[in-house]
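Please walk through the model below with its sequence at hand. The account starts with the overall build and then takes up single elements and residues.

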Amino acid sequence: LNGLESIFHLIVSNQLKSCNISIPNPLGDSDSIDVNLSLKSSTKNNVQFVNGSPYITSDIKLNIKILSATEQSSKSDSDYFSDENMKQIEDACNKYLSENITNYLYKTAKEYHSDIDGFGKHAVKYFLTMQEWNDYNWLDNYKNSTFNVTVDSTLKSGYTFL
């Protein structure tokens, strides 16, 4: 995994304290915005079975703070903290993280066949006996998982240099 995927692992597995990443700037006055992420509440992971295959949902709630953007954006007329622009930044963060965390989860399932985020502990409740669980062979079937990731971020404040 690369560094960003390691951050996604921490988010999905509720181990993230805080980190800084760059997201695409929806306001268009620069390529990206640097934001600080922290968990607003614990990630809610759930496993269901659809036609015998795992259907895994992750509901992620994050706080974000704007750290900085480029020099170009600091010279623009954008008010990053207007209600409309804050909503655009939150939506851009939600979209970026949702897509990339989903890609990360498919990578761990399809390429690595590895449940490093521990979804099996949510799936085991559907099996009445240990023998049923063993017969299902979670790790073999995990690669057939479908993922649905929702991210809800809240722009709290910023250490902005704008």
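Six helices and five strands make up the secondary structure of the protein chain in this predicted model. Read from the N terminus, the order of elements is α-β-β-β-β-α-α-α-α-α-β. Of the 162 residues in the protein chain, 41% are buried. Contacts between residues at least 6 apart in sequence join residues at least 24 apart in 71% of cases. The protein chain has an accessible surface of about 8500 Å², and carbon and sulfur atoms account for 47% of that area.

The N-terminal part can be taken next. L1 belongs to the segment that precedes α1, the helix of residues 3-12. With a relative accessible area of 47%, L1 is partly exposed, because the partly exposed class runs from 20% to 50%. Together with Y112 and I116, L1 forms a nonpolar surface patch, and the three residues have about 280 Å² of accessible area between them. At the start of α1, the backbone nitrogen of L4 has a side-chain oxygen of N2 within 3.1 Å. Within α1, the buried residues are E5, I7, F8, H9, I11 and V12. In general, an α-helix has 3.6 residues a turn, so residues three or four places apart point the same way. Just after the end of α1 comes N14, with a positive phi of about 60°.

The strands follow. Side chains in a regular strand alternate between the two faces of the sheet. Strand β1, residues 19-24, shows such an alternation. On one face are C19, I21 and I23, which are buried; N20, S22 and P24 point to the other face and are not buried. The partner of β1 considered here is strand β2, residues 32-39, which runs antiparallel to β1 and is joined to it by six bridges. Within this pairing, L37 of β2 stands opposite C19. C19 is thus placed twice: by its buried side chain and by its position across from L37.

Strand β5 covers residues 146-158 and contains D152. Which residues does D152 touch, apart from those up to four places away in sequence? They are I60, K61, L62 and N94. The chain also brings D152 to a C-alpha separation of 9.3 Å from K40, although their positions lie 112 residues apart along the chain. Is D152 buried, exposed or partly exposed? D152 counts as partly exposed, because its relative accessibility is 37%, a value between the 20% limit for buried and the 50% limit for exposed.

Two loop residues remain, and each has a positive phi. H113 lies in the loop that connects α3, residues 83-111, with α4, residues 120-123. Its phi is about 50°, and H113 is not a glycine. H113 has a relative accessible area of 37% and is therefore partly exposed. N137 sits in the loop between α5, residues 130-136, and α6, residues 138-142. The phi of N137 is near 55°, again positive in a residue other than glycine. At a relative accessible area of 34%, N137 is partly exposed as well.

Technical notes
Residues numbered from 1 in each chain as written. Predicted model: local features only at pLDDT ≥ 70, side-chain atom pairs only at ≥ 80, totals over all residues. Heavy atoms only, no water. Buried < 20%, exposed > 50% of the residue type's maximum accessible area, 1.4 Å probe, protein only. Helix = DSSP H or I, 4+ residues; strand = E, 2+ residues; numbered from the N terminus. Pairing = 2+ DSSP bridges. Patch = residues over 30% accessible without salt bridge, like charges linked within 9 Å, V, L, I, M, F, W, Y side chains within 5 Å. Areas by Shrake-Rupley, 256 points an atom, 1.4 Å probe, with all protein chains shown as cover. Salt bridge = Lys/Arg side-chain N within 4 Å of Asp/Glu carboxyl O. Polar contact = N/O pair within 3.5 Å; in protein donor to acceptor, adjacent residues only side chain to side chain. Contact = heavy atoms within 4.5 Å.
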